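Open the model in a viewer and keep the sequence panel visible. The stops below go one selection at a time.

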Amino acid sequence: MIRNALFILYFIFLTIPGLQGQWVREQGKGYYKLSAWSLVSDQHYTDTGEIDPNATRGYFNVNFYGEYGITDAWEVVAYIPFFSRTYQNEQISGTTSEVLRAGESLNSLGDVDISLRHGLFRQGPVVLASTLKFGIPTGNDSAGSDGSFQTGDGEFNQTVQLDVGIPFRIFSYTGYSRAYLGFNNRNKGFSDELLVGGEAGLNFLKRRLWLVGRMNVVESLQNGSHSVQSNQGSIFANNIEYISLGAEVAWYLTERWGISLAYGGAVRGRIIYANPTYSAGVFLDIR
């Protein structure tokens with residue numbers, strides 16, 4: 001799975017013509033987004049990659065994402081899900097209409113991510129940066145009647161990552177492309193992970209409309225001791241693996257303010273929900 005993803009990224013980033021571009025935001029510049037994100041799932045990928053049904057569960061959060069240039073070479077990035085809700089619908093018998101299991105829900109803060117990104121060098125159109133991300137366990141990892149209601153995984157993880165950026169042109173339209181390769185060091189018995197991903201965006205209508213496509217790959221190294229696995233999928237379980245594809249539409253209402261809609265979902269996975277996610281947000285882009 002990782003080999004195929006690396007080949008796709010290699011093809012994308014070495015076969016398109018480049019233009020000059022900026023990867024790390026300049027000092028005092030920033031990008032800030034307030035979003036709502038939702039997942040409702042009634043099926044999941046098993047540990048063998050098959051799709052099985054499960055009791056309908058939902059995840060919802062309202063989050064803040066921000067990028068700010070500390071200097072021309074250093075940038076701080078934050079993702080803060082300040083309201084997270086996980087819930088499960090009532091399970092009702094199809095023959096007797098009896099409530100087999102009452103619905104439950106949990107509201108709390110989610111897990112926060114704080115990152116530092118450093119611009120390493122720029123050679124022609126190619127910009128290389130490194131990222132160090134800290135996953136802070138501010139969410140709840142064991143609530144509800146059976147302890148399976150979660151807004152976080154309960155472990156402090158650190159991700160090191162290399163990021164490559166290359167702008168490009170298709171006819172009269174300009175855009176950008178990015179790729180990353182990372183390693184996620186996890187604790188509390190969770191297996192470490194290899195991360196690969198990329199995105200490409202193309203602008204229209206004099207840079208007011210952006211169309212963005214994304215791919216993210218997570219592969220577990222299967223080196224943990226955490227024995228608790230969800231038998232109905234999760235987004236916080238150990239040894240999660242997936243390939244996800246997504247798309248986003250961003251519309252600049254003014255030079256700085258805009259709105260966005262996004263869609264994503266796993267096209268292949270293990271121990272993770274098999275339904276799509278949706279998000280909508282408003283952003284401020286200070287360039």
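Start by selecting isoleucine 271, which is buried at a relative accessible area of 8%; buried means under 20%, exposed over 50%, and partly exposed in between, with a 1.4 Å probe and protein chains only. Isoleucine 271 sits in the loop between β14 and β15 (272-273), and its phi is positive, about 55 degrees, although it is not a glycine. Strands (E, at least two residues) and helices (H or I, at least four) are DSSP runs numbered from the N terminus.

Before moving on, note that this is a predicted model, in which local features need pLDDT of at least 70 and side-chain atom pairs count only at pLDDT 80 or more, while totals for chains, interfaces and linings use all residues. Residues are numbered from 1 along each chain as its sequence is written, and side-chain values use heavy atoms, with hydrogens and water left out.

Extend the selection to Tyr45, Ala237, Ile240, Ala266, Ile272 and Ala274: with Ile271 they make up the largest nonpolar core, of seven residues. Such a core is a set of buried Ala, Val, Leu, Ile, Met, Phe, Trp, Tyr and Cys residues joined through side-chain atoms within 4.5 Å. A second, separate core has five residues, among them Trp210, Ala250, Tyr252 and Phe283.

For another positive phi outside glycine, select phenylalanine 171, where the angle is near 55 degrees. This residue is in the loop between β9 (157-170) and β10 (173-185). Is phenylalanine 171 buried or exposed? It is exposed, with a relative accessible area of 73%.

Now colour the whole chain by pLDDT, the predictor's confidence in each residue from 0 to 100. The average is 88, and 88% of the residues score at least 70. Over residues 8-22 pLDDT stays under 50, and the model has 35 contacts beyond four places in sequence for them; contact means heavy atoms within 4.5 Å. In cartoon view, the protein shows one helix and 16 strands. Of its 287 residues, 43% count as buried.

Next, show Leu34, Phe82, Phe83, Leu109, Leu253, Trp257, Ile259 and Val282 as surface. They form a nonpolar patch with about 700 Å² of accessible area together, an area from the Shrake-Rupley method with a 1.4 Å probe, where for residues only the protein chains shown count as cover. Strands β3 (74-88) and β14 (257-270) each give two or more residues to the patch.

Within the patch, pick valine 282, in strand β16 (residues 277-286). Valine 282 is partly exposed at 36% relative accessible area. Its C-alpha atom is separated by 6.6 Å from that of serine 35, 247 residues apart along the chain. Beyond four places in sequence, valine 282 is in contact with Tyr32, Lys33, Leu34, Trp257, Gly258 and Ile259.

Finish with the salt bridges, twelve in the structure, each a side-chain nitrogen of Lys or Arg within 4 Å of a carboxyl oxygen of Asp or Glu. Select aspartate 285 and arginine 25, whose side chains meet at 3.4 Å, N to O. Aspartate 285 is in strand β16 and arginine 25 in the loop between α1 (2-14) and β1 (30-45), 260 residues apart. Aspartate 285 counts as buried at 5% relative accessibility, as does arginine 25 at 17%. Aspartate 285 also bridges to arginine 287, at 3.5 Å. Add Glu67, Glu75 and Arg117 to see the network of salt bridges that links them with Arg25, Asp285 and Arg287.

Key. Patch = residues over 30% accessible without salt bridge, like charges linked within 9 Å, V, L, I, M, F, W, Y side chains within 5 Å.
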